[in-house]
Amino acid sequence: MAGRRDTLLAREKGQSNLGSRIFVAVVVGVLLGCVFAFLLPHGFVSSNRLFRNRRIEIPNLQIGSSTCESLEQVNALKVDILTETQKNSELKKQVKSLMEKLRLVEQGKDHAQEQFVMLGENHKAGPFGTVKGLRTNPSVIPDESVNPRLAKILEEVAIYKELIVALANSNVKEMLEVWFTNIKKVGIPNYLVVALDDTIEEFCKSNDVPVYRRDPDEGIDTIARKGGNHAVSGLKFRILREFLQLGYSVLLSDVDIVYLQNPFDYLYRDSDVESMSDGHNNMTAYGFNDVFDEPAMGWARYAHTMRIWVYNSGFFYLRPTLPSIELLDRVANRLSRGSKSWDQAVFNEELFFPSRPGYDGLHASKRTMDMYLFMNSKVLFKTVRKDVKLKKLKPVIVHVNYHPDKFARMKAVVDFYLNGKQDALEHFPDGSKW
């Protein structure tokens, strides 16, 4: 590349020097012409038979044909200079055009070469056990034209280009109040509520909570006003896209979550997606080898399968990368088809299913959050509250996702972890009553 650029620059410089030499030659020619015209008014040939009878008479003044010819020569040389200057200008334009075409050709190289340019030079593999593959995709180039109004809000709210985002309508007003009250107690400044109706917008403003109301969109607004928890949850995959396009990392949060510490202090930021798990122990949260037994197969009766409990689509961190945006697009597209698909199931299918004949899987890097720091309510009520050592651990957040009596359990979590009421969790059952 450097050699090619040097060659082209040398070529362009050569063209420029050629034009300069032509210009100098023409100027020298003009000067010599003027000198000879002055010293040899009748030309190099002594005979003036060509001009013998050609004289122009003006009252009280006569101008010889030789003087007119000298003026004509000067004018002709001026025309030549102008012509050569124009040619030189055209040559420069051609060189510039060739440089631009070369740049476009280089941009059009295959995807592997683009990855090479974008991510760095090729490397030799290191010693055994030292090689680590690339985990972090590059961020997209921010595009403020997508939503200038939102861009202005995010510039004021976000810290280090990241923030917590929650969607809310009037159906979750009580939980929303617990949600932002504890965010304020913890001292988290970079959060934003996407209000889905007028009531929530005014409620946030009256409580000094950063709020954003989208421009009218009938397809979204109908669900936003009337939709239940799962319907509203599905909207986030369409709404979050603009945040990523603007270049911001988003920690998506449902409102049935109690914040006890600042989650940004516990993120790794080394993957496209970091998500809390619905798993309740090490095996279910982080994956395990599940052996399927089929006795009829005899010697080959045991088949090994890999299993992991799903990521929770109510609390995950997205970096502004192309795979993250593609994930949102895939999920939103499937949910928009009118099927009764659950957004969390679709979210995990798109994130985990591999490529196969007839299907191109998503190439996104992912990380599972620590299940005791980013705790779901099954872990809390089935395990943690019954273990003396685990009860001393203070999680970052508690997500009341496993229980329908969300508001009561959220208040109990606040009482236990923040208000010091050691028995606040005791009267709740492990699960829920049908």
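In the predicted model, helix α6, which spans residues 198–206, lies across the strands β3, β4 and β5, and its direction runs at about 155° to that of β5. A second helix, α5 (residues 173–186), lies across β3 (162–168), β4 (191–195) and β6 (249–253), running at about 165° to β4. The strands contacted by these helices belong to an open sheet of seven strands with mixed pairing, arranged in the order β5-β4-β3-β6-β11-β8-β12. The edges of this sheet are occupied by β5 (211–213) and β12 (366–368), each of which has a single partner strand, so that one side of each is left without a neighbour in the sheet. On average, and with direction ignored, neighbouring strands of the seven-stranded sheet are turned by 30° against each other. Within this arrangement, strand β8 (residues 273–277) and strand β11 (residues 311–318) run antiparallel and are joined by four bridges; S275, for its part, has F316 in β11 as its bridge partner.

Another open sheet is formed by three strands in the order β7-β14-β13, again with mixed pairing. Here β7 (257–259) and β13 (374–376) stand at the edges, and because each has a single partner strand, one side of each remains without a neighbour in the sheet. Neighbouring strands of the three-stranded sheet are turned by 15° against each other on average, direction ignored. Strand β13 runs parallel to strand β14 (residues 397–399), to which three bridges join it, and the bridge partner of M375 in β14 is V398. Helix α13 (residues 406–417) packs on this sheet and touches β7, β13 and β14, its direction making about 20° with that of β7. The segment after α13 contains H427, a residue that counts as exposed because its relative accessibility is 62%, over the 50% cut-off. In space, the C-alpha atoms of H427 and A412 are 9.9 Å apart, and the two residues are separated by 15 residues in sequence.

Charged side chains provide a further set of contacts, with 20 salt bridges in the structure. One of these is formed by the side chains of R330 and E350, at 3.0 Å from N to O. The pair links distant parts of the chain, since R330 lies in helix α10 (residues 322–335) and E350 in helix α11 (residues 343–352), 20 residues apart. Both R330 and E350 are buried. A salt bridge also connects E349 with R334, whose closest N and O atoms are 2.7 Å apart; this pair likewise links distant parts of the chain, with E349 in helix α11 and R334 in helix α10, 15 residues apart. E349 is partly exposed, with a relative accessible area of 25%, and R334 is also partly exposed, with a value of 22%.

The side chains of R409 and D405 meet in another salt bridge, at 2.9 Å from N to O. R409 is buried, with a relative accessible area of 0%, whereas D405 counts as partly exposed at 29% relative accessibility. Through salt bridges that share partners, E326, R330, R334, E349 and E350 are joined into one network.

Note on methods
Residues are numbered from 1 along each chain as its sequence is written. This is a predicted model: local features need pLDDT of at least 70, side-chain atom pairs count only at pLDDT 80 or more; totals for chains, interfaces and linings use all residues. Side-chain values use heavy atoms; hydrogens and water are left out. Two strands pair if DSSP finds at least two bridges between them. Helices (H or I, at least four residues) and strands (E, at least two) are DSSP runs, numbered from the N terminus. Axes are lines fitted to C-alpha atoms, for helices over the stretch in contact, and angles run from 0 to 180 degrees between N-to-C directions. Contact means heavy atoms within 4.5 Å. Buried means under 20% relative accessible area, exposed over 50%, partly exposed in between (1.4 Å probe, protein chains only). A salt bridge is a side-chain nitrogen of Lys or Arg within 4 Å of a carboxyl oxygen of Asp or Glu.
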